Amino acid sequence: MAALAWEESIRTGVPEIDRQHQMILERLDFLDQAIREGQGEVVIGQILTDLTEYAREHFRTEERYFEQCGYPKRDSHHQEHDRFIHDIGELYEAFDSGKTVSPDEVYAYLRNWIEQHLWVVDREYLPFLGGSAGARKQ
Ligand SMILES: [Fe+2]
Ligand SMILES: [Fe+2]
């Protein structure tokens with residue numbers, strides 16, 4: 001499967017958000033590499049922990065911008081964020097309680113969600129960021 005890497009088409013123009021998206025994509029890439037090297041089970045707990053932390057911070061940032069610019073789809077976007085935190089939380093709980101959590105399945109879930117969210121859902125707010133503080137500085 002081709003790597004999912006940050007690219008110009010998902011640039012938001014808000015350096016803070018672009019950096020956070022890059023960090024999330026780097027974690028996905030790290031998991032991909034680990035699976036290829038047969039180390040998926042070794043890193044899975046750390047990946048889930050890191051992603052929870054990165055995602056929480058990132059979602060707070062985006063939602064702050066949504067409030068500033070009065071983004072009309074902020075409620076449904078917020079629900080998408082919540083769903084991710086919930087799903088990752090369940091995976092982490094399963095891992096933490098000693099259940100087998102397949103690194104391949106986690107990767108497939110993460111990749112699908114990230115691709116749908118960063119490449120589709122997040123791009124929908126771009127036109128609304130135009131007038132908000134900090135946006136579109138290139
Ligand atoms: Fe995002
Ligand atoms: Fe988002």
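The exercises below work through a predicted model of one chain, each with a solution in steps.

**Exercise 1. Confidence and overall fold**

Determine which helices and strands the chain has, how its overall dimensions compare with the rule for a compact globule, and where the model calls for caution.

Step 1. The mean pLDDT of the chain is 93, and 93% of its residues reach 70 or more. Over residues 132-138, however, pLDDT stays under 50, although the model has 14 contacts beyond four places in sequence for this stretch. Where pLDDT is low, the predicted coordinates should not be read in detail.

Step 2. The chain has five helices and zero strands, so that the pattern read along the sequence is α-α-α-α-α.

Step 3. For 138 residues, a compact globule would have a radius of gyration near 14 Å, and the 16 Å of the chain agrees with this. Taken along the principal axes, the box filled by the C-alpha atoms is roughly 45 × 25 × 20 Å.

Step 4. Buried residues account for 22% of the 138 residues, and of the contacts between residues at least 6 apart in sequence, 74% join residues at least 24 apart.

**Exercise 2. The two sides of α1**

Establish which residues of α1 are buried, where they sit around the axis, and which helices they pack against.

Step 1. α1 has 22 residues and spans 31 Å from its first C-alpha to its last, close to the 32 Å expected at 1.5 Å a residue.

Step 2. The buried residues of α1 are Ile 17, Gln 20, His 21, Ile 24, Arg 27, Leu 28 and Leu 31. Because they cover an arc of only 115 degrees around the axis, they lie on the same side of α1. The general background is that an α-helix has 3.6 residues a turn, so residues three or four places apart point the same way.

Step 3. Pro 15, Gln 22 and Arg 36 are exposed on the other side of α1, whereas the buried residues of this helix pack against α2 and α4.

Step 4. Just after α1, Gly 38 adopts a positive phi of about 75 degrees.

**Exercise 3. α3 and the nonpolar cores**

Identify the buried residues of α3 and locate the largest nonpolar core among the helices.

Step 1. With 23 residues, α3 reaches 32 Å from its first C-alpha to its last, close to the 33 Å expected at 1.5 Å a residue; just after this helix, Gly 98 takes a positive phi of about 90 degrees.

Step 2. His 77, Phe 84, Ile 88 and Leu 91 are buried in α3, and their cover includes α2 and α4.

Step 3. The largest nonpolar core has 15 residues, of which Leu 48, Leu 51 and Ile 88 touch the most other members. At least two residues of this core come from each of α1 (15-36), α2 (40-69), α3 (74-96) and α4 (103-121), with the largest share, five residues, supplied by α2.

Step 4. Leaving aside residues up to four places away in sequence, Leu 48 touches Ile 88, Leu 91, Tyr 92 and Phe 95. A second, separate core of seven residues has Val 14, Ile 17, Tyr 125 and Leu 129 among its members.

**Exercise 4. The environment of Glu 7**

Decide whether Glu 7 counts as buried or exposed.

Step 1. Glu 7 is located in the segment before α1.

Step 2. Glu 7 counts as exposed because it has 10 C-beta neighbours inside 10 Å, and the cut-off for exposed is 12 or fewer.

Step 3. Glu 7 and Trp 119, 112 residues apart in sequence, are 9.9 Å apart in space from C-alpha to C-alpha.

Notes. Residues numbered from 1 in each chain as written. Chains lettered and ligands numbered in written order. Predicted model: local features only at pLDDT ≥ 70, side-chain atom pairs only at ≥ 80, totals over all residues. Core = buried A, V, L, I, M, F, W, Y, C linked by C-beta atoms within 7 Å. Buried ≥ 20, exposed ≤ 12 C-beta atoms within 10 Å, placed from the backbone. Helix = DSSP H or I, 4+ residues; strand = E, 2+ residues; numbered from the N terminus. Contact = placed C-beta atoms within 7 Å. Expected span 1.5 Å × (residues − 1). Arc of directions from axis to C-beta. pLDDT = per-residue confidence, 0-100. Rg over C-alpha atoms; globule rule 2.2 N^0.38 Å.
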